[in-house]
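Let's take a walk through a protein chain together, one stop at a time. Have the sequence and the 3D view ready, and look for each residue as we come to it.

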Amino acid sequence: MNKKVLAIILVIIASTLILGKTLNTLERFQETQENIKPEETPPPEEEGENIDEEDIKSTEIPLSVEEIENILTIHIIDETDEEAKTVDEAPPGGAVSWPPVNITKVSIGTYEGYLYVKFEFLGEIPVEKEEPIEMISLTVEIDADLNYDTGWHGTDIVIAVHLKYDEETRIVELEDLDVTISYNLPTTFDEDEALSNADVIYGEYKGGPGTNYFIFRVPMDIVGLHSGQQIYFSAGAEASSPEYHHYARDGLRSPQLSVPGSDGGLFLLTIP
């Protein structure tokens with residue numbers, strides 16, 4: 001065998017070895033690739049209307065109704081619906097007598113720095129909208145210094161509850177149920193000016209649609225109240241329709257106390 005033939009044979013052998021190694025490398029690479037699982041992509045979230053937590057301003061009181069009942073020590077029975085006959089922005093003949101805002105009793109108590117107020121009604125607050133009602137509102141006004149010449153018509157603290165029925169779902173959505181506590185009201189007779197310049201926080205509640213009561217609580221140290229303090233107190237409930245702001249209306253009216261300069265009917269109370 002001459003040198004030229006031997007060289008060709010060696011080249012062929014070398015090429016075969018290199019090719020074999022290359023094929024083995026490719027096979028191992030393919031096996032590796034097959035064992036690598038693709039990164040799992042989480043399924044897209046289902047579309048839907050999620051309530052933003054920022055839209056929910058008031059939350060539930062972390063006490064049971066039974067625990068709250070044991071806190072309440074002052075009970076005012078509403079024996080008359082006279083206010084409904086004289087309120088403005090009402091249907092001809094006066095506001096309609098509608099059981100879910102017809103107050104039967106308002107109770108008050110204190111516990112661990114909170115002032116608790118409970119409204120009780122002749123009828124159950126509807127879970128689903130009843131025509132023509134659009135919104136139910138409850139209001140408590142407090143004259144904290146017994147001075148009619150300070151605050152808004154003497155009122156230093158206003159607690160307003162709103163339960164608004166959604167046009168589509170016809171129920172009160174979570175973001176449309178709130179307890180607004182306005183305090184440090186400036187001295188003015190203009191309601192918009194007083195409320196827009198007051199300090200505001202949101203309160204906690206219990207009850208509402210599906211019950212015949214609504215309870216809320218107020219942190220006394222924040223709004224400037226304390227146990228043993230005397231206050232003038234008034235409360236009211238109303239339901240509005242597209243045509244009448246006071247479609248239905250009821251309010252507590254004290255037969256004993258008429259504050260000079262006010263429209264009367266206030267209760268003189270000592271905070272428990």
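Which side chain meets that of Arg170 in a salt bridge with 3.5 Å from N to O? The partner is Glu128. Before we follow this pair further, keep in mind that what you see is a predicted model.

Let's place the two partners. Arg170 sits in the loop between strand 5 (157–165) and strand 6 (172–183), while Glu128 sits in the loop between strand 3 (114–121) and strand 4 (135–143), so their salt bridge ties together parts that are 42 residues apart in sequence. Arg170 is partly exposed, because its relative accessible area is 25%, and Glu128 also counts as partly exposed, at 48%.

Arg170 has another salt bridge to show you, this time with Glu131, where the closest N and O atoms are 3.2 Å apart. This pair, too, links distant parts of the chain: Arg170 in the loop between strand 5 and strand 6, and Glu131 in the loop between strand 3 and strand 4, 39 residues apart. Glu131 counts as exposed, because its relative accessibility is 56%, and exposed means over 50%. Why can such pairs form at all? Side chains of opposite charge can pair when their charged atoms come close.

Stay at Glu131 for a moment and look at the backbone. The peptide bond that runs from Glu131 to Pro132 is cis, with omega near 0 degrees. Pro132 belongs to the loop between strand 3 and strand 4. As background, most peptide bonds are trans, and most residues other than glycine have a negative phi.

With that in mind, find Asn184. This residue is not a glycine, yet its phi is positive, at about 55 degrees. Asn184 lies in the loop between strand 6 and helix 4, and it counts as partly exposed because its relative accessibility is 49%.

Glu89 is another residue with a positive phi that is not a glycine; here the angle is about 50 degrees. You will find Glu89 in the loop between helix 3 (83–86) and strand 2 (103–111). Which residues does Glu89 touch, leaving aside those up to four places away in sequence? They are Tyr244, His245 and His246. Take Glu89 and Tyr244: 155 residues separate them in sequence, but from C-alpha to C-alpha they are 5.8 Å apart in space.

Now back to charges. How many salt bridges does a search of the whole structure find? The count is 9. One pair is made by the side chains of Glu60 and Lys206, at 3.8 Å from N to O. Glu60 is in the loop between helix 1 (3–35) and helix 2 (65–71), and Lys206 is in strand 8 (residues 204–207), so this bridge ties together parts that are 146 residues apart in sequence. Is each partner buried or exposed, or something in between? Glu60 is partly exposed, with a relative accessible area of 48%, whereas Lys206 counts as buried at 16%. Elsewhere, Glu69, Lys105, Lys118 and Glu120 are linked in a network of salt bridges.

Charges can also gather with others of their own kind. Asp190, Glu191, Asp192 and Glu193 form a patch of negative charge on the surface. Glu193 is part of helix 4 (residues 191–196), and its relative accessibility of 40% is why it counts as partly exposed.

Next, visit Asp178 in strand 6. Asp178 is buried, because its relative accessibility is 16% and buried means under 20%. Not counting residues up to four places away in sequence, Asp178 touches Ser58, Ala160, Val161, His162 and Tyr202. Between Asp178 and Ser137 there are 9.9 Å in space, C-alpha to C-alpha, and 41 residues in sequence.

Finally, step back and view the whole chain. Its secondary structure comes to 5 helices and 12 strands. Of the 272 residues, 42% are buried. The chain exposes about 16200 Å², with carbon and sulfur atoms supplying 51% of that area. Among contacts between residues at least 6 apart in sequence, 66% join residues at least 24 apart. The pair Glu89 and Tyr244, 155 residues apart in sequence, is a good place to look again with that in mind.

How values were computed:
Residues numbered from 1 in each chain as written. Predicted model: local features only at pLDDT ≥ 70, side-chain atom pairs only at ≥ 80, totals over all residues. Heavy atoms only, no water. Patch = residues over 30% accessible without salt bridge, like charges linked within 9 Å, V, L, I, M, F, W, Y side chains within 5 Å. Areas by Shrake-Rupley, 256 points an atom, 1.4 Å probe, with all protein chains shown as cover. Salt bridge = Lys/Arg side-chain N within 4 Å of Asp/Glu carboxyl O. Lys, Arg positive; Asp, Glu negative; His and termini not counted. Charge placed at Lys NZ, Arg CZ, Asp CG, Glu CD. Helix = DSSP H or I, 4+ residues; strand = E, 2+ residues; numbered from the N terminus. Buried < 20%, exposed > 50% of the residue type's maximum accessible area, 1.4 Å probe, protein only. Contact = heavy atoms within 4.5 Å.
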